[in-house]
Amino acid sequence: MMESAPAKRSKFTYRHLHQLSKYSVDTPLRVIALVDLDAFYAQCEMKRLGVPAEQPLAVQQWQNLIAVNYPARDKGVSRHITGVEAKKLCPDVRLVHVATWKAGESHWSYSESIPNMADSKACLDPYRAESKKILSVFHEVCSNARIEKASIDESFLDLSKDIHGRLLQQYEALRSSPNDDFTDHLPLPDFQTLDWSGSHLVANPDEESEKTEMEIADLDWDDIAMAIGAGIVKGVRNEVFTRLGYTCSAGIANNKMMAKLGSGFKKPNQQTVVRASAVQPFLSTFKFMKIRNLGGKLGTQIAEHFKTESLVELLDVSLGRFQSILSDDTATYIYNVIRGIERSPVTSQMSIKSMLSAKSFRDRLPSSISGAQLWLKVFVSDIWSRLEDEGVMEGRRRPKTMTISFTNKAMSRNRQTRIPSAGKIEPDLLLKVAEGLLRQVAGEGGGVWPCIRMSLQVGGFEDKEEGNMGIGAFLLKGDEAKEANKRLAAEEIGDHHSHGDEKKRKIDDSIGRFFGAKIRDTPPIEEIGQENLELEEDTNMDTEPREHDIPTFTCPDCNSEIPIGQEEEHKDWHFAKALTLEDKAAAARQKEKQRLSTFVPSNRGKNGGGKRKGKKDTKVEKGQSKLMF
């Protein structure tokens, strides 16, 4: 009797399934979505003004258009043309100018006409407020997802954990592994027609064209995971529209890069699934410089060296050839990304490192401190409106530094200072610090006025440390304090012939006991002043909305995520910082050496009396002891 052939197994293992529950970037079952609001600024203005969906509308900033809704696009209107040109193409288009701040005022407002650029600054606060509402819907509907705000109108969602739970709930065969190391392959799923929730499916080489529904011959668990993800994303998009009235498009894929490309494949108000089998043919429809993060200097360098912009042609380039012109990390990233391989995680919390507000002047150039102060008030109000999202009002975070940049026709000046750490951050405090910096710049002479550009930046954000205690928590009280004082007095009366360094050691030990065991050890000399030695790294300016999902590598020295292509610059920063710290530590050691060389030990009598050279005796109150420093 012939034995039956073993049942076919999935190409995926129980380990891959388990990794899905941990948001692992390595599991091929991973599902990432990019949700993109359609013509977001235009939708915000349509909602605010009650404009019907079929009405052409464009958002204007000064003379140019920065957002165009789809009815206006159908009439040939596009971004970056002027309002006059838009009216010629579509006479019934409604033009709406963004809200603006006016010089000297602390509140933004809308204007029916185009504001005067000379005394106004564009304000995006209304769009940030709506973006925050949309993000709240994402968190509520997808409570198990990791959500990363990529820009004001885009968010990445890692749906892996939610999909893992649904797979186990719907498919009993996945609920237990035959062994402990999860190396066994999963059983193949039964043949079934998947519900893609109306998604567009990008075609692979075996399919004639993309479709919205499809039976898959070689069905496996990655397809089922994608279909579950498509259903989740459809539900999210529906909730955003039902609650807030906004439409959005989405891409669903195995990684962030492919999800981003998929989100723009079919718009507006649609979603696209890029299955693993369709990744390479889908990528091949793009010039590689059109792929996210490859359109700048890095992409130009590659195109010029290999004399092509074709992604298909670059597939023939070996990793070694990429490494001949790029750093190893960058070369590896490029080699993988043109093959659709990208493993950057979806990061739930993108903490902003700095915030900047700026204004370039063309007319009515500020020509005095009083004229520039009008703009400082605007800058502070602009920054203050954004600090709320950083938890500053609740005391969770606060900026440490403020920097003013001042440019005239001959030179630029930058001045930085620390923001007072005591008390609550308030607009009046920020304005006072800013005005102090302005007076520094203006008081240095050299023909400061008129100013052609000015900016204000707050940075060095730090998180509030939980469980901090005041000094009272470290002090000993009552009987404990009396006992500590007795020990301290006994040690001070000790061998009066001991050397100064030994006496200093005893005194330091006594101080530690006086304040109790909770106090931290005194830092070594190398640490002295380190807080003031922090060199400014490249900051993540929270200015105009833009994507924050630049590919990165993790610095092994500081664990910072550094954009691909900036590795050498970041290494130089570490080298410069190390040199600075070394110089500072050497100066501190020299200063300590000089201090010790001038220290004159006291000659004590039998009653513990004595004095330093040139110093008079000071009385010691009852119950106290004198400390030698």
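## The chain as a whole

In the protein chain, 67% of the contacts with a separation of 6 or more link residues 24 or more positions apart. The model is predicted. Its secondary structure comes to 18 helices and 21 strands.

The protein chain has 629 residues, and buried residues make up 41% of them. The chain exposes about 34400 Å². Carbon and sulfur atoms supply 50% of that area.

## A four-stranded sheet

This report follows one sheet and its surroundings. The sheet is open and has four strands, in the order S14-S18-S16-S17. The pairing is antiparallel. Two strands form the edges: S14, residues 354-360, and S17, residues 412-418. Each edge strand pairs on one side only. From one strand to the next, the twist averages 10°.

Strands of a sheet pair through backbone hydrogen bonds, in either a parallel or an antiparallel sense.

## Strand pairs

Start at the S14 edge. Seven bridges pair S14 with S18 in the antiparallel sense. Here Lys359 stands opposite Met454 of S18. How much of S14 is buried? Six of its seven residues are buried, so S14 is largely enclosed by the rest of the structure.

Now go to the other edge. Strand S16 covers residues 401-407, and seven bridges join S16 to S17. These two strands run antiparallel. Thr401 has Arg418 in S17 as its bridge partner.

## Helices on the sheet

Helix H14 spans residues 369-387 and packs on the sheet. H14 touches S14, S16 and S18, the last of which covers residues 453-459. The direction of H14 makes about 145° with that of S14.

A further helix, H15, spans residues 427-442. H15 lies across S16, S17 and S18. Its course runs at about 40° to S16.

## Asn408, in the loop

Between S16 and S17 there is a loop, and Asn408 lies in it. Is Asn408 buried or exposed? Its relative accessibility is 6%, under the 20% limit, so Asn408 counts as buried.

The side chain of Asn408 reaches two backbone nitrogens. One is that of Ala410, at 2.8 Å. The other belongs to Met411, at 2.8 Å. Which residues does Asn408 contact beyond its neighbours within four places in sequence? They are Gly447, Val448, Pro450 and Ile452.

## Asn414, in the edge strand

Asn414 sits in strand S17, an edge strand of the sheet. Its relative accessibility is 45%, between the limits of 20% and 50%, so Asn414 counts as partly exposed.

Leaving out residues up to four places away in sequence, Asn414 touches Ile404 and Ser405. Ile404 is ten residues from Asn414 in sequence. In space, the two are 5.6 Å apart, C-alpha to C-alpha. With Ser405, the link is polar: the side chains of Asn414 and Ser405 make a polar contact at 2.5 Å.

## The picture in brief

The sheet has S14 and S17 at its edges. Helix H14 packs on the sheet, and H15 lies across S16, S17 and S18. Asn408 is buried in the loop between S16 and S17. Asn414 is partly exposed and has its place in S17.

Definitions and conventions: Residues numbered from 1 in each chain as written. Predicted model: local features only at pLDDT ≥ 70, side-chain atom pairs only at ≥ 80, totals over all residues. Heavy atoms only, no water. Pairing = 2+ DSSP bridges. Axes fitted to C-alpha atoms, helices over the stretch in contact; angles between N-to-C directions. Contact = heavy atoms within 4.5 Å. Buried < 20%, exposed > 50% of the residue type's maximum accessible area, 1.4 Å probe, protein only. Polar contact = N/O pair within 3.5 Å; in protein donor to acceptor, adjacent residues only side chain to side chain. Areas by Shrake-Rupley, 256 points an atom, 1.4 Å probe, with all protein chains shown as cover.
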